[in-house]
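Student: I am new to this structure and would like a close look at a single part, the largest nonpolar core. Which residues touch the most other members there, and which elements contribute to it?

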Amino acid sequence: MTKLIPILLLGVFLSGCATPYQRQGFFIAGYSETQLAENIFQVSFQGNQLTGRERASDFALLRSAEVTTENGFRYFIVVDWVKDASSNTMYGYGSTAYGSARTSIYGGQTFVIHEPRPTNIILCFKEKPDVVGRILEAEFVKTSLKQKYGLTN
């Protein structure tokens, strides 16, 4: 029975949700952006350990489309894309785990936690550019991805 309690606590810890589509805060995962030039932006999405890579990449792309329209542009090109991820390792000995998190577990275990952090560098245009490459229409991308994830705003 005493070993069942730590297993249940671990289950509660791992039963959280993937990072929602939200602005990143001090202790809150989510999206962020930085303007690098008049029409160039760096857009990132930081997920938690329960956020899949596809979801994180889609949310970085969705925020890229929103940044495009919020700044008066209609089209964008992803000129650089980084599939970054952080990994945290948690080691369990006895009844305590040490690492980037602290929780009670039963001993001798190692957990590796991956958190996806894709980053897009986007180049925005008011009119559809006559260039070779994947030119994305921001409104279409926003509508498509919001529908895919059931986002209403």
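Tutor: What follows starts with the chain as a whole and then turns to the core and some residues to set beside it. This is a predicted model, in which local features need pLDDT of at least 70 and side-chain atom pairs count only at pLDDT 80 or more, while totals for chains, interfaces and linings use all residues. Residues are numbered from 1 along each chain as its sequence is written, and side-chain values use heavy atoms, with hydrogens and water left out.

The protein chain has three helices and six strands, where helices (H or I, at least four residues) and strands (E, at least two) are DSSP runs numbered from the N terminus. Read from the N terminus on, the elements follow the order α-β-β-α-β-β-β-β-α. Of the 153 residues in the protein chain, 37% are buried, a word that stands for under 20% relative accessible area, with exposed meaning over 50% and partly exposed in between (1.4 Å probe, protein chains only).

A nonpolar core is a set of buried Ala, Val, Leu, Ile, Met, Phe, Trp, Tyr and Cys residues joined through side-chain atoms within 4.5 Å. The largest one has 20 residues, and those that touch the most other members are F41, F45, L61, F76, I122, C124 and V141. Two or more residues each come from β2 (40-46), α2, β5 (109-125) and α3 (138-149), and α2 supplies the largest share, seven residues.

I122 shows how one such residue is surrounded: leaving aside residues up to four places away in sequence, I122 touches N39, I40, F41, V43, S64, V67, T68, F76, I77 and V78, where contact means heavy atoms within 4.5 Å. C124 counts as buried because its relative accessible area is 2%, whereas C17 counts as exposed because its value is 65%. The structure holds zero disulfides, a disulfide being a pair of cysteine sulfur atoms within 2.5 Å.

Helix α2 (residues 53-70) also holds R63, which counts as buried because its relative accessibility is 3%. Not counting residues up to four places away in sequence, R63 touches Y21, R23, Y31, E33, V43 and E70, so V43 appears among the contacts of both R63 and I122.

For contrast, F27 lies in the loop between α1 (4-14) and β1 (30-37), and F27 counts as exposed because its relative accessibility is 77%.
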